[in-house]
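Subject: Handing over the structure

Hello,

Here is the structure I promised to pass on to you. Please open it beside this message, so that you can follow each part while you read.

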Amino acid sequence: MNLLEDLKWRGLVADCTDEAELGQRLAAGPVTLYCGFDPTADSLHVGHLMGQLMLRRFQLAGHRPIPLAGGATGQIGDPSGKSAERQLLTRAQLEENVGCIKRQLQRILDFESGMNPAQLVDNAAWTAQVSYLDFLRDVGKHFSVNVMLAKESVRARLEDREAGISYTEFSYMLLQAYDFLHLRQTLQCELQVGGSDQWGNITAGIDLIRKKTGLGAYGLTFPLLTKADGTKFGKTESGAVWLDPRKTSPYRFYQFFIQADDSMVVSYLKRLTLLPREEIEALAEAHAGKPEARPAHRALARFVTELVHGREAMLEVVRASEILFGGDLAGISEATFREIVGEVPTREVAPADLSGQGKSLVGLLVEAGLCPSKGQARKDIEGGGIYVNNVRAGDVGRVVGGGDLLFGKHLLLRKGKRNYVVVTVVG
């Protein structure tokens, strides 16, 4: 398959200015394209992976990607897909956010390639130099208010009489169009990609390029990433999954994809991974035949976690996830173990309880609530059903002390295959 055919198979084409013409242009030679990311928060989220991966797909096909951090447009806020006015950020907040987003973009794209390296730009670099009057004269005069009012992003807000739309957000379309014009003139950028809610802004840029320069340009949008109930992933939606590990830990990030709805997992594999079609089709077949084995979920979670957080973090969270299935605890970091603690019941004990000669395992099992009585605790130990830090404890006289503590404060007790309690020393 060529690139466009692959994008269509993956469900990544929502609108395209002229698919046949774009296909011919892509086949003729490398194309420079861009996708914008506004710094309205200090981290991108899972929904933004669609745009980042779209740029990466084009780069792998030999084209040159330009990720744009919207230091200027972020000061306005895009009304597309929003039912209310965005809160305006200070310049200091925007500068901090731009720095964070730049670092995240650099994890996905190759900026060192000798043939087609990605180039990171910030639209504040050229927009800040333009005066308001010059912008109105050179850009604003090319826009019909009637046409702007018909754009979906504007029309939806106008229909909501309570929310409405401010002149500030109404002007956003002009700024994004100006970005495309600037990149077309300075970096020979011929294609803009973005989510389906950006179609109006993209076509506005194409029109501006044609009116100002007579040059052609292309637009391609992909469907927004949605959950099983149809709601989209976003910063202001409930349950946002961030790319910054300080906001969503790698463990939680991995768990999000492991727990993806069965009906969505194959779609996510197509849209959020670079796995080849043959491998995805094999995973889809395995998923359909035995969904409880979760082969598609594991492949998805591993790929996306490694993409965003790196291979070392991915391997650690995979091992951490296996801990609750009896996996080895050796080498797990304390930060990751704390994530596991949040998944199971916890019992707190005083330092004195495990100091000195320690505490009998029998008594600790009762205190932790894993066994109803000392008699039952002894039977469970003798039967081989009790584990301390995922190591079977077969001695009824076993004593638990400070030397058994993980990170000097935790003890993982298990009864059978799935009944866990974390005993934590507090005080």
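Two strands are said to pair if DSSP finds at least two bridges between them. Please also keep in mind that this is a predicted model.

With that definition in hand, you can begin with strand 5 (residues 189–195) and strand 6 (residues 218–222), which run parallel and are joined by five bridges. One of the residues in these bridges is Val193, whose partner in strand 6 is Leu220. Both strands belong to an open sheet of six strands, which has mixed pairing and the order 1-6-5-2-3-4. At the edges of this sheet stand strand 1 (15–16) and strand 4 (121–122), and because each has a single partner strand, one side of each is left without a neighbour in the sheet.

The structure also holds an open sheet of five strands, again with mixed pairing, in the order 7-13-12-9-10. Here the edge positions are taken by strand 7 (346–349) and strand 10 (391–392), each of which has a single partner strand, so that one side of each has no neighbour in the sheet.

Strand 12 of this sheet deserves a slower look. With strand 13 (residues 419–425), strand 12 (residues 410–415) runs antiparallel, and six bridges join the two; with strand 9, strand 12 pairs over three bridges, also in the antiparallel sense. Lys415 appears in both pairings, since this residue stands opposite Asn419 in strand 13 and is the bridge partner of Ile386 in strand 12's pairing with strand 9. Strand 12 and strand 13 form a hairpin with three residues between them, and in the turn Gly416 has a positive phi of about 70 degrees. Is strand 12 enclosed by the rest of the structure or left open? Five of its six residues are buried, so strand 12 is largely enclosed by the rest of the structure.

A positive phi may catch your eye elsewhere too. Most residues other than glycine have a negative phi. Asn390, which is not a glycine, nevertheless has a positive phi of about 65 degrees, and you will find this residue in the loop between strand 9 (386–388) and strand 10. Phe407 is also a residue other than glycine with a positive phi, near 60 degrees, and its place is the loop between strand 11 (399–400) and strand 12. As for their surroundings, Asn390 counts as buried because its relative accessibility is 11%, under the 20% cut-off for that word, whereas Phe407, at 35%, counts as partly exposed.

Turning to the helices, you could look at Gln104, which lies in helix 4 (residues 91–108). Gln104 has a relative accessibility of 10% and therefore counts as buried. Which residues is Gln104 in contact with, once its neighbours within four places in sequence are left aside? They are Asp42, Ser43, Leu44, Gln52, Leu243 and Asp244. With Leu44 there is a polar detail to look for, as the side chain of Gln104 reaches the backbone nitrogen of Leu44 at 2.8 Å.

Helix 12 (residues 250–258) is mostly covered, with seven of its nine residues buried. The buried ones are Pro250, Tyr251, Phe253, Tyr254, Gln255, Phe257 and Ile258. Helix 13 (265–272), helix 15 (295–309), helix 16 (311–323) and helix 17 (334–341) are included in what covers them.

Helix 6 takes you to the surface. Tyr132, Leu133, Leu136 and Tyr167 form a nonpolar patch there, and together they have about 460 Å² of accessible area. Helix 6 (residues 132–138) gives the largest share of this patch, namely three residues. Leu133 is in helix 6, and this residue counts as exposed because its relative accessibility is 60%, which is over the 50% cut-off. Arg137 is found in helix 6 as well, and with a relative accessible area of 59% Arg137 is also exposed.

Finally, Arg137 can serve as a starting point for a view across the model. How far apart are Arg137 and Ala282 in space, C-alpha to C-alpha? The distance between these two residues is 57 Å, while in sequence they are 145 residues apart.

With best wishes

Note on methods:
Residues are numbered from 1 along each chain as its sequence is written. This is a predicted model: local features need pLDDT of at least 70, side-chain atom pairs count only at pLDDT 80 or more; totals for chains, interfaces and linings use all residues. Side-chain values use heavy atoms; hydrogens and water are left out. Patches are made of residues with over 30% relative accessible area and no salt bridge: like charges are joined within 9 Å, nonpolar side chains (Val, Leu, Ile, Met, Phe, Trp, Tyr) within 5 Å. Accessible areas come from the Shrake-Rupley method with a 1.4 Å probe; for residues, only the protein chains shown count as cover. A salt bridge is a side-chain nitrogen of Lys or Arg within 4 Å of a carboxyl oxygen of Asp or Glu. Helices (H or I, at least four residues) and strands (E, at least two) are DSSP runs, numbered from the N terminus. Buried means under 20% relative accessible area, exposed over 50%, partly exposed in between (1.4 Å probe, protein chains only). A polar contact is a pair of N or O atoms within 3.5 Å; within protein, one must be able to donate a hydrogen and the other to accept it, and residues adjacent in sequence count only if both atoms are side-chain atoms. Contact means heavy atoms within 4.5 Å.
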